[in-house]
Amino acid sequence: MGIRAANRDYERWLAAQLGGDVVADDLGKKQKKMCDSAFAFLRATYWRWAETILDVCPDLANAPAVLAVGDIHLENFGTWRDQEGRLIWGVNDYDEAAEMPYMLDLVRLATSAALATTQNQLSLKAICVNILEGYEHGLEAPEAFVLDRQHMWLRTRFVVGEAERAMFWQKIENQYHDLLAKKKAEQPPARWLKLFATTLPEPSITLAYWRRTAGTGSLGRPRWLGYGTWRGGPLLREGKALVPSGWTRAHGDGARLRLNDIALGKYRAPDPWYAASGNLLMRRLSPNNRKIDVEDRRDAARLLHPDLLWAMGRDLAAVHLGVRDSRDALRKDVEKRKRRWFRTHVETAMEFVAREYAEWKKSAK
(Lines give C-alpha, C1' and ligand atoms only; values in the text may rest on other atoms or scores of the structure.)
Protein backbone atom coordinates (compact mmCIF):
# COMPACT_ATOMS: atom_id res chain seq x y z
CA MET A 1 0.00 0.00 0.00
CA GLY A 2 1.37 3.43 -0.96
CA ILE A 3 1.78 6.13 1.64
CA ARG A 4 -1.29 8.14 0.57
CA ALA A 5 -3.59 5.11 0.71
CA ALA A 6 -2.01 4.01 3.98
CA ASN A 7 -2.58 7.47 5.49
CA ARG A 8 -6.25 7.44 4.48
CA ASP A 9 -6.60 4.03 6.11
CA TYR A 10 -4.94 5.30 9.28
CA GLU A 11 -7.15 8.38 9.47
CA ARG A 12 -10.27 6.22 9.14
CA TRP A 13 -8.97 4.06 11.99
CA LEU A 14 -8.21 7.17 14.07
CA ALA A 15 -11.72 8.53 13.57
CA ALA A 16 -13.22 5.20 14.64
CA GLN A 17 -11.04 5.10 17.78
CA LEU A 18 -12.09 8.64 18.71
CA GLY A 19 -15.75 8.04 18.06
CA GLY A 20 -15.65 10.57 15.23
CA ASP A 21 -14.20 13.32 17.45
CA VAL A 22 -11.31 14.07 15.09
CA VAL A 23 -10.01 17.62 14.80
CA ALA A 24 -10.11 17.92 11.01
CA ASP A 25 -8.18 21.21 10.85
CA ASP A 26 -5.34 19.65 12.81
CA LEU A 27 -5.22 16.68 10.45
CA GLY A 28 -4.80 19.16 7.62
CA LYS A 29 -1.94 20.84 9.49
CA LYS A 30 -0.36 17.46 10.07
CA GLN A 31 -0.46 16.60 6.38
CA LYS A 32 1.26 19.91 5.58
CA LYS A 33 3.91 19.30 8.24
CA MET A 34 4.62 15.95 6.63
CA CYS A 35 5.84 17.88 3.58
CA ASP A 36 8.31 20.00 5.54
CA SER A 37 11.17 17.49 5.80
CA ALA A 38 11.88 13.78 6.10
CA PHE A 39 12.41 14.32 9.84
CA ALA A 40 8.97 15.95 10.23
CA PHE A 41 7.48 13.12 8.15
CA LEU A 42 9.01 10.54 10.49
CA ARG A 43 7.64 12.39 13.54
CA ALA A 44 4.14 12.47 12.07
CA THR A 45 3.92 8.84 10.99
CA TYR A 46 4.80 6.49 13.81
CA TRP A 47 1.82 4.37 12.74
CA ARG A 48 3.53 3.85 9.35
CA TRP A 49 6.86 2.99 10.96
CA ALA A 50 5.10 0.41 13.14
CA GLU A 51 3.43 -1.33 10.21
CA THR A 52 6.49 -1.38 7.92
CA ILE A 53 9.73 -1.50 9.93
CA LEU A 54 9.86 -5.28 10.30
CA ASP A 55 9.43 -5.61 6.54
CA VAL A 56 12.18 -3.05 5.95
CA CYS A 57 14.53 -4.52 8.59
CA PRO A 58 13.20 -8.03 9.28
CA ASP A 59 16.03 -9.22 11.53
CA LEU A 60 15.13 -6.57 14.13
CA ALA A 61 12.27 -8.89 15.08
CA ASN A 62 14.57 -11.36 16.86
CA ALA A 63 15.82 -8.82 19.46
CA PRO A 64 14.54 -9.25 23.05
CA ALA A 65 11.20 -7.58 23.71
CA VAL A 66 10.73 -4.79 26.26
CA LEU A 67 8.07 -2.24 27.09
CA ALA A 68 9.41 0.34 24.65
CA VAL A 69 8.64 3.96 23.81
CA GLY A 70 7.82 3.20 20.18
CA ASP A 71 7.56 6.76 18.89
CA ILE A 72 11.04 7.80 19.97
CA HIS A 73 12.86 10.59 18.14
CA LEU A 74 15.09 13.58 18.84
CA GLU A 75 12.21 15.72 20.06
CA ASN A 76 10.62 13.13 22.35
CA PHE A 77 12.58 14.40 25.32
CA GLY A 78 11.79 17.13 27.78
CA THR A 79 11.94 18.38 31.35
CA TRP A 80 9.60 18.08 34.30
CA ARG A 81 9.50 18.30 38.09
CA ASP A 82 9.30 15.06 40.02
CA GLN A 83 7.51 14.43 43.32
CA GLU A 84 10.41 16.01 45.23
CA GLY A 85 10.35 19.13 43.05
CA ARG A 86 13.63 18.14 41.36
CA LEU A 87 14.16 19.02 37.72
CA ILE A 88 14.33 15.91 35.50
CA TRP A 89 15.31 15.49 31.86
CA GLY A 90 14.43 12.50 29.71
CA VAL A 91 11.85 10.80 27.52
CA ASN A 92 8.53 12.44 28.31
CA ASP A 93 5.96 11.13 25.82
CA TYR A 94 4.75 7.55 26.02
CA ASP A 95 1.60 7.63 23.86
CA GLU A 96 2.83 4.78 21.64
CA ALA A 97 4.36 2.58 24.35
CA ALA A 98 4.04 -1.15 23.69
CA GLU A 99 5.90 -4.44 23.98
CA MET A 100 8.29 -4.73 21.03
CA PRO A 101 11.92 -5.62 20.23
CA TYR A 102 14.12 -3.14 22.11
CA MET A 103 16.31 -2.47 19.06
CA LEU A 104 13.41 -0.70 17.32
CA ASP A 105 13.71 2.23 19.74
CA LEU A 106 17.44 2.54 19.11
CA VAL A 107 17.10 2.34 15.33
CA ARG A 108 14.27 4.88 15.27
CA LEU A 109 16.12 7.35 17.50
CA ALA A 110 19.25 7.12 15.34
CA THR A 111 17.15 7.38 12.16
CA SER A 112 15.53 10.58 13.43
CA ALA A 113 18.94 12.08 14.21
CA ALA A 114 20.29 11.07 10.81
CA LEU A 115 17.31 12.68 9.05
CA ALA A 116 17.66 15.86 11.10
CA THR A 117 21.40 16.37 10.71
CA THR A 118 23.30 18.14 7.97
CA GLN A 119 26.63 17.33 6.38
CA ASN A 120 28.33 19.89 8.61
CA GLN A 121 26.99 18.40 11.83
CA LEU A 122 27.34 14.72 12.73
CA SER A 123 28.16 11.70 10.63
CA LEU A 124 25.89 8.67 10.73
CA LYS A 125 28.74 6.75 12.38
CA ALA A 126 29.00 9.33 15.18
CA ILE A 127 25.24 9.30 15.71
CA CYS A 128 25.10 5.52 16.00
CA VAL A 129 28.21 5.20 18.18
CA ASN A 130 27.06 7.77 20.72
CA ILE A 131 23.52 6.39 21.02
CA LEU A 132 24.76 2.81 21.43
CA GLU A 133 27.47 3.74 23.94
CA GLY A 134 24.95 5.67 25.99
CA TYR A 135 22.56 2.73 25.88
CA GLU A 136 25.24 0.30 27.03
CA HIS A 137 26.14 2.60 29.92
CA GLY A 138 22.46 2.82 30.86
CA LEU A 139 22.17 -0.96 30.98
CA GLU A 140 25.03 -1.09 33.48
CA ALA A 141 23.89 1.82 35.66
CA PRO A 142 20.25 2.73 34.94
CA GLU A 143 18.98 5.89 36.61
CA ALA A 144 17.07 9.07 35.87
CA PHE A 145 18.75 12.33 34.84
CA VAL A 146 18.17 14.47 37.94
CA LEU A 147 19.49 17.95 37.13
CA ASP A 148 19.53 19.54 40.60
CA ARG A 149 23.11 18.56 41.53
CA GLN A 150 24.48 16.60 38.57
CA HIS A 151 24.43 16.88 34.78
CA MET A 152 24.87 20.64 34.80
CA TRP A 153 25.61 20.52 31.08
CA LEU A 154 22.02 19.36 30.50
CA ARG A 155 20.68 21.97 32.88
CA THR A 156 22.59 24.69 31.03
CA ARG A 157 21.11 23.57 27.73
CA PHE A 158 17.48 23.21 28.73
CA VAL A 159 16.52 25.11 31.87
CA VAL A 160 14.29 27.98 30.83
CA GLY A 161 15.64 31.47 31.49
CA GLU A 162 13.63 34.39 32.79
CA ALA A 163 12.89 35.81 29.32
CA GLU A 164 11.59 32.47 28.04
CA ARG A 165 9.59 31.95 31.22
CA ALA A 166 7.91 35.33 30.76
CA MET A 167 7.19 34.52 27.08
CA PHE A 168 5.62 31.19 28.03
CA TRP A 169 3.11 32.73 30.43
CA GLN A 170 2.48 35.73 28.18
CA LYS A 171 1.49 33.40 25.36
CA ILE A 172 -0.95 31.54 27.62
CA GLU A 173 -2.41 34.76 29.01
CA ASN A 174 -2.86 36.14 25.48
CA GLN A 175 -4.83 33.02 24.55
CA TYR A 176 -6.93 33.43 27.67
CA HIS A 177 -7.73 37.09 26.94
CA ASP A 178 -8.57 36.21 23.32
CA LEU A 179 -11.04 33.66 24.67
CA LEU A 180 -12.65 36.29 26.92
CA ALA A 181 -12.82 38.81 24.11
CA LYS A 182 -14.60 36.40 21.78
CA LYS A 183 -17.14 35.52 24.50
CA LYS A 184 -17.30 32.01 23.08
CA ALA A 185 -16.03 29.94 25.96
CA GLU A 186 -15.96 26.19 25.34
CA GLN A 187 -15.81 23.32 27.73
CA PRO A 188 -14.56 19.81 27.18
CA PRO A 189 -16.99 16.91 27.73
CA ALA A 190 -17.98 16.00 31.29
CA ARG A 191 -15.54 13.11 31.61
CA TRP A 192 -12.68 15.46 30.71
CA LEU A 193 -13.86 17.96 33.33
CA LYS A 194 -13.85 15.27 36.02
CA LEU A 195 -10.29 14.32 35.15
CA PHE A 196 -9.11 17.93 35.05
CA ALA A 197 -10.56 18.37 38.55
CA THR A 198 -8.47 15.49 39.91
CA THR A 199 -5.25 17.25 38.86
CA LEU A 200 -5.87 20.44 40.85
CA PRO A 201 -4.37 21.25 44.27
CA GLU A 202 -7.78 22.45 45.54
CA PRO A 203 -11.31 21.59 44.31
CA SER A 204 -12.40 25.24 44.50
CA ILE A 205 -10.14 26.30 41.60
CA THR A 206 -12.02 27.41 38.50
CA LEU A 207 -10.42 26.77 35.13
CA ALA A 208 -10.97 28.41 31.77
CA TYR A 209 -10.76 25.92 28.90
CA TRP A 210 -9.82 26.14 25.26
CA ARG A 211 -8.74 23.74 22.57
CA ARG A 212 -5.05 23.35 21.88
CA THR A 213 -3.14 22.44 18.73
CA ALA A 214 0.27 20.93 19.49
CA GLY A 215 2.60 18.11 18.59
CA THR A 216 2.99 16.41 15.24
CA GLY A 217 2.12 12.72 15.37
CA SER A 218 -0.86 13.35 17.67
CA LEU A 219 -2.41 16.08 15.51
CA GLY A 220 -6.05 15.23 14.89
CA ARG A 221 -6.69 14.10 18.44
CA PRO A 222 -8.56 16.53 20.71
CA ARG A 223 -6.45 18.50 23.21
CA TRP A 224 -7.69 20.91 25.85
CA LEU A 225 -5.93 23.41 28.06
CA GLY A 226 -7.26 24.32 31.50
CA TYR A 227 -5.93 27.63 32.86
CA GLY A 228 -6.51 29.14 36.29
CA THR A 229 -4.88 30.82 39.24
CA TRP A 230 -4.03 29.47 42.67
CA ARG A 231 -2.61 31.33 45.64
CA GLY A 232 -1.19 34.23 43.69
CA GLY A 233 0.02 32.54 40.51
CA PRO A 234 -1.10 30.76 37.33
CA LEU A 235 -1.51 27.05 36.81
CA LEU A 236 -1.96 25.12 33.60
CA ARG A 237 -3.16 21.61 32.78
CA GLU A 238 -3.37 19.82 29.44
CA GLY A 239 -5.71 16.99 28.50
CA LYS A 240 -5.17 14.87 25.41
CA ALA A 241 -7.17 12.05 23.86
CA LEU A 242 -5.37 8.73 23.56
CA VAL A 243 -5.70 5.90 21.06
CA PRO A 244 -4.05 2.47 21.05
CA SER A 245 -0.38 2.41 20.10
CA GLY A 246 0.42 2.24 16.41
CA TRP A 247 2.39 -0.88 17.26
CA THR A 248 -0.64 -2.73 18.65
CA ARG A 249 -2.72 -1.47 15.71
CA ALA A 250 -0.23 -2.99 13.26
CA HIS A 251 0.55 -6.18 15.15
CA GLY A 252 -2.83 -6.95 16.61
CA ASP A 253 -2.03 -7.94 20.17
CA GLY A 254 -4.92 -5.89 21.57
CA ALA A 255 -2.86 -4.78 24.56
CA ARG A 256 -4.11 -2.06 26.87
CA LEU A 257 -2.54 1.39 26.92
CA ARG A 258 0.81 1.21 28.72
CA LEU A 259 1.53 4.89 29.42
CA ASN A 260 1.34 4.67 33.19
CA ASP A 261 3.41 1.48 33.31
CA ILE A 262 6.32 2.97 31.40
CA ALA A 263 6.17 6.44 32.98
CA LEU A 264 6.32 4.93 36.48
CA GLY A 265 9.15 2.52 35.69
CA LYS A 266 11.69 1.56 38.32
CA TYR A 267 14.41 3.85 36.96
CA ARG A 268 12.27 6.90 36.21
CA ALA A 269 11.78 9.97 38.42
CA PRO A 270 8.16 10.36 37.32
CA ASP A 271 6.15 13.48 36.81
CA PRO A 272 3.39 13.28 39.45
CA TRP A 273 1.03 15.27 37.22
CA TYR A 274 1.37 12.83 34.30
CA ALA A 275 -1.44 10.28 34.42
CA ALA A 276 -3.51 8.39 31.87
CA SER A 277 -7.06 7.41 32.76
CA GLY A 278 -8.97 5.38 30.22
CA ASN A 279 -8.28 7.02 26.89
CA LEU A 280 -7.40 10.45 28.32
CA LEU A 281 -4.04 11.82 29.42
CA MET A 282 -3.67 14.71 31.85
CA ARG A 283 -0.44 16.53 32.60
CA ARG A 284 0.81 19.77 34.07
CA LEU A 285 2.38 22.32 31.72
CA SER A 286 4.80 25.03 32.82
CA PRO A 287 8.00 26.59 31.48
CA ASN A 288 9.98 23.61 32.79
CA ASN A 289 7.27 20.96 32.32
CA ARG A 290 7.45 20.65 28.57
CA LYS A 291 8.68 18.81 25.55
CA ILE A 292 11.79 20.33 23.98
CA ASP A 293 11.08 20.96 20.30
CA VAL A 294 13.55 22.30 17.80
CA GLU A 295 11.52 25.47 17.36
CA ASP A 296 11.86 26.13 21.11
CA ARG A 297 15.63 26.56 20.79
CA ARG A 298 17.58 29.20 18.91
CA ASP A 299 20.25 26.63 18.14
CA ALA A 300 18.61 23.43 16.88
CA ALA A 301 22.06 21.87 16.50
CA ARG A 302 22.29 21.33 20.25
CA LEU A 303 19.88 18.39 19.87
CA LEU A 304 22.51 16.74 17.67
CA HIS A 305 25.45 17.09 20.05
CA PRO A 306 27.30 13.80 20.67
CA ASP A 307 26.92 14.12 24.45
CA LEU A 308 23.18 14.62 24.12
CA LEU A 309 22.77 11.61 21.84
CA TRP A 310 24.72 9.59 24.41
CA ALA A 311 22.33 10.81 27.12
CA MET A 312 19.31 9.88 24.99
CA GLY A 313 20.68 6.37 24.58
CA ARG A 314 21.32 6.11 28.33
CA ASP A 315 17.81 7.27 29.17
CA LEU A 316 16.31 4.74 26.76
CA ALA A 317 18.07 1.95 28.63
CA ALA A 318 16.58 3.16 31.92
CA VAL A 319 13.14 3.16 30.28
CA HIS A 320 13.60 -0.35 28.88
CA LEU A 321 14.61 -1.77 32.26
CA GLY A 322 11.85 -0.05 34.19
CA VAL A 323 9.10 -2.67 34.04
CA ARG A 324 11.01 -5.91 33.58
CA ASP A 325 14.72 -5.99 34.40
CA SER A 326 16.03 -7.91 31.40
CA ARG A 327 19.49 -6.34 31.38
CA ASP A 328 21.32 -9.64 30.93
CA ALA A 329 19.38 -10.47 27.77
CA LEU A 330 19.74 -6.92 26.46
CA ARG A 331 23.46 -6.77 27.27
CA LYS A 332 24.12 -10.05 25.47
CA ASP A 333 22.10 -8.97 22.45
CA VAL A 334 23.86 -5.61 22.16
CA GLU A 335 27.26 -7.28 22.47
CA LYS A 336 26.60 -9.79 19.70
CA ARG A 337 25.46 -7.14 17.20
CA LYS A 338 28.31 -5.33 15.48
CA ARG A 339 28.45 -1.54 15.34
CA ARG A 340 28.35 -1.74 11.56
CA TRP A 341 25.21 -3.91 11.79
CA PHE A 342 23.42 -1.17 13.70
CA ARG A 343 24.54 1.54 11.28
CA THR A 344 23.44 -0.52 8.29
CA HIS A 345 19.94 -0.91 9.70
CA VAL A 346 19.70 2.79 10.45
CA GLU A 347 20.76 3.52 6.87
CA THR A 348 18.11 1.12 5.55
CA ALA A 349 15.37 2.64 7.69
CA MET A 350 16.47 6.15 6.80
CA GLU A 351 16.37 5.39 3.06
CA PHE A 352 12.88 3.92 3.35
CA VAL A 353 11.54 6.95 5.23
CA ALA A 354 13.19 9.29 2.73
CA ARG A 355 11.51 7.45 -0.19
CA GLU A 356 8.10 7.59 1.45
CA TYR A 357 8.59 11.27 2.28
CA ALA A 358 9.47 11.99 -1.36
CA GLU A 359 6.37 10.09 -2.49
CA TRP A 360 4.18 12.00 -0.03
CA LYS A 361 5.59 15.37 -1.02
CA LYS A 362 5.28 14.63 -4.74
CA SER A 363 1.64 13.55 -4.39
CA ALA A 364 0.82 16.70 -2.39
CA LYS A 365 1.55 18.96 -5.37
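**A walk through the sheets and cores**

In this predicted model, five strands form an open sheet whose order is β6-β7-β8-β10-β9, and their pairing is antiparallel. The two edge strands are β6, residues 208-211, and β9, residues 275-277, each of which pairs on one side only. Neighbouring strands of the sheet are turned by 20° against each other on average, with direction ignored. It may help to recall that strands of a sheet pair through backbone hydrogen bonds, either parallel or antiparallel.

At one edge of this sheet, β9 is joined by three bridges to strand β10, which spans residues 280-284, and the two run antiparallel. Within this pair, S277 stands opposite L280 in β10. Turning to the other edge strand, which helix lies across β6? Helix α8, made of residues 162-182, lies across β6 and also across β7 (223-230) and β8 (233-241), and this helix runs at about 95° to β6.

A second place to look is strand β3, residues 87-91. Five of the five residues of β3 are buried, so this strand is largely enclosed by the rest of the structure. Strand β2, residues 77-81, pairs with β3 in the antiparallel sense over five bridges, and in this pairing G78 stands opposite G90 in β3. The hairpin of β2 and β3 has five residues between the strands, and in this hairpin G85 takes a positive phi near 80°. Strand β3 is also joined to strand β5, residues 145-146, by two bridges, and these strands run antiparallel. Here the bridge partner of W89 is F145 in β5.

The residue W89 leads on to the nonpolar cores. As a general background, nonpolar side chains in soluble globular proteins tend to be buried together. In this model, the largest nonpolar core holds 101 residues, and those that touch the most other members are W89, Y102, M103, L106, Y135 and F342. Which helix gives the largest share of this core? That share, nine residues, comes from helix α5, which covers residues 103-116. As for L106, if residues up to four places away in sequence are not counted, L106 touches I131, L132, Y135, L316 and F342.

Apart from the largest core lies another core, of nine residues, and W169, I172, W210 and L236 are among them. To place these residues, one can return to the opening sheet and to the helix that lies across β6, β7 and β8, namely α8.

Definitions and conventions
Residues are numbered from 1 along each chain as its sequence is written. This is a predicted model: local features need pLDDT of at least 70, side-chain atom pairs count only at pLDDT 80 or more; totals for chains, interfaces and linings use all residues. Side-chain values use heavy atoms; hydrogens and water are left out. Two strands pair if DSSP finds at least two bridges between them. Helices (H or I, at least four residues) and strands (E, at least two) are DSSP runs, numbered from the N terminus. Axes are lines fitted to C-alpha atoms, for helices over the stretch in contact, and angles run from 0 to 180 degrees between N-to-C directions. Contact means heavy atoms within 4.5 Å. Buried means under 20% relative accessible area, exposed over 50%, partly exposed in between (1.4 Å probe, protein chains only). A nonpolar core is a set of buried Ala, Val, Leu, Ile, Met, Phe, Trp, Tyr and Cys residues joined through side-chain atoms within 4.5 Å.
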